[in-house]
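User: I'm new to looking at protein models and would like some help. Could you walk me through a few features, one at a time?

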Amino acid sequence: MNKHIQLQDLGHQDYKTTWEYQEQLFKKIVDVKLEKRNRPELETDNYFLFVEHPHVYTLGKSGDMSNLLLSEKQLEAKGATFYKINRGGDITYHGPGQIVGYPILDLENFFTDIHKYLRLLEEAIILTIAEYGLQGTRSEGETGVWLDVGTPFARKICAMGVRASRWVTMHGFALNVNADLGYFDNIIPCGIKGKAVTSMHVELGKTIDEAEVKAKIITHFSVLFEAEMESVVSKSL
C-alpha cells in the first residue's frame with residue numbers, strides 16, 4: 001500500500017485543461033491497477049492537485065440544467081464558461097478566490113469506503129476553518145461543509161463532488177476563501193434551494209492568505225489519511 005501522495009499546485013488554470021489532466025492521472029492509476037493483476041509488486045501513485053479556476057460553472061452527471069439561471073450569451077457576458085462533467089452532485093461554481101482541491105487517489109492504498117473518503121474530505125476542511133474560528137459542520141444528506149446548520153442562516157462554505165471508479169478518485173472540493181459570491185446568484189448551488197453560500201473572507205471580515213489555508217488543508221489531510229505528502233514541481237498544462 002503506497003500512502004505517498006504527490007502534491008502539485010497548478011496555480012490559475014482553465015477548467016477544461018485541468019479536467020483533462022485529472023483524466024490523464026486517473027487513467028494512469030487505473031492502467032497500473034489492471035497490470036497489477038499479473039504483476040502484484042507494482043504500486044499505484046496518488047496525487048493531490050491544488051488549482052484556481054477562472055469563472056466556470058460545472059454540472060454533475062445527476063444534475064439539473066434548470067439550476068443554471070443564465071443563458072449562453074449571459075455566461076459570455078460574465079466571462080464564465082460551463083461544462084457538464086462526470087462527477088457526482090449538481091451544479092457548482094469555481095472562480096478566483098476559491099481553493100479547489102482534486103485528490104486523485106487509489107483508495108486501495110488507504111481504505112475501500114467511498115463514504116469514509118467523503119467524510120474525511122469534509123473533516124479536513126472543518127479542521128482547517130476551525131483554525132480561523134469558524135465552526136464548520138455537515139448537513140445531513142448534503143455533501144460539503146456548512147455553517148449554522150439547522151438555523152435559518154445555514155450557508156455552505158465548501159462544496160464537494162467526486163467520481164470514483166475501481167477505487168480511484170477524481171474531482172474533489174472547492175473552499176470559498178476570497179470568492180466573489182455574486183457568481184453564485186446565477187445558479188441554485190448544488191441544486192439546494194433557499195440556502196446561502198458564504199466565503200471565509202466574508203465571515204471574517206478580511207482578506208485571507210490562501211497559501212496559508214492550503215498549507216493547513218494539507219496538514220489535516222495528511223493526518224486524516226495517514227499519508228506522506230510531497231510537493232513536486234507542477235506540470236506545465
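Analyst: Let's go through a sheet, a helix, some buried residues and the aromatic rings. A word on the source: this is a predicted model, where local features need pLDDT of at least 70, side-chain atom pairs count only at pLDDT 80 or more, and totals for chains, interfaces and linings use all residues. Residues are numbered from 1 along each chain as its sequence is written, and side-chain values use heavy atoms, with hydrogens and water left out.

User: Okay, sheets. What order do the strands have in the open sheet of three strands?

Analyst: The general idea is that strands of a sheet pair through backbone hydrogen bonds, either parallel or antiparallel. Strands (E, at least two residues) and helices (H or I, at least four) are DSSP runs, numbered from the N terminus, and two strands pair if DSSP finds at least two bridges between them. Here the order is 4-3-5, with mixed pairing. Strand 4 (81-84) and strand 5 (91-94) are the edge strands, each pairing on one side only. On average, neighbouring strands of this sheet are turned by 20° against each other, direction ignored.

User: In which sense do strand 3 and strand 4 pair?

Analyst: Strand 3 (residues 56-59) pairs with strand 4 in the parallel sense, over four bridges. Look for Tyr 57, which stands opposite Phe 82 in strand 4. Helix 1 packs on this sheet and touches strand 3, strand 4 and strand 5, its direction making about 30° with that of strand 4. Contact means heavy atoms within 4.5 Å; axes are lines fitted to C-alpha atoms, for helices over the stretch in contact, with angles from 0 to 180 degrees between N-to-C directions.

User: Is Thr 18 buried or exposed?

Analyst: Buried means under 20% relative accessible area, exposed over 50%, and partly exposed in between (1.4 Å probe, protein chains only). Thr 18 sits in helix 1 (residues 15-36) and counts as buried because its relative accessibility is 0%. Its contacts, leaving out residues up to four places away in sequence, include Val 51, His 53 and Tyr 102. Thr 18 and Tyr 102 are 84 residues apart in sequence, yet 9.7 Å apart in space, C-alpha to C-alpha. Lys 33 is also found in helix 1, and at 13% relative accessibility Lys 33 counts as buried.

User: How many residues does helix 3 have?

Analyst: Helix 3 (residues 114-130) has 17 residues and reaches 24 Å from its first C-alpha to its last, close to the 24 Å expected at 1.5 Å a residue. That expected span is 1.5 Å times one less than the number of residues. Among the buried residues of helix 3 are Tyr 117, Leu 121 and Glu 122.

User: And the rings: how many aromatic pairs are there?

Analyst: A pair of aromatic rings is described by the distance of the centres and the angle of the planes. Rings of Phe, Tyr and Trp (its six-membered ring) pair if their centres lie within 6.5 Å; planes under 30 degrees apart count as stacked, over 60 as edge-to-face and the rest as tilted. By this rule the count is twelve. The rings of Phe 48 and Phe 50 have centres 5.0 Å apart and planes at 70°, so they are edge-to-face. Tyr 117 and Phe 225 are edge-to-face too, with 6.0 Å centre to centre and 75° between the planes. Tyr 117 lies in helix 3 and Phe 225 in the loop between helix 5 (210-224) and strand 12 (228-231), so this pair ties together parts 108 residues apart in sequence.
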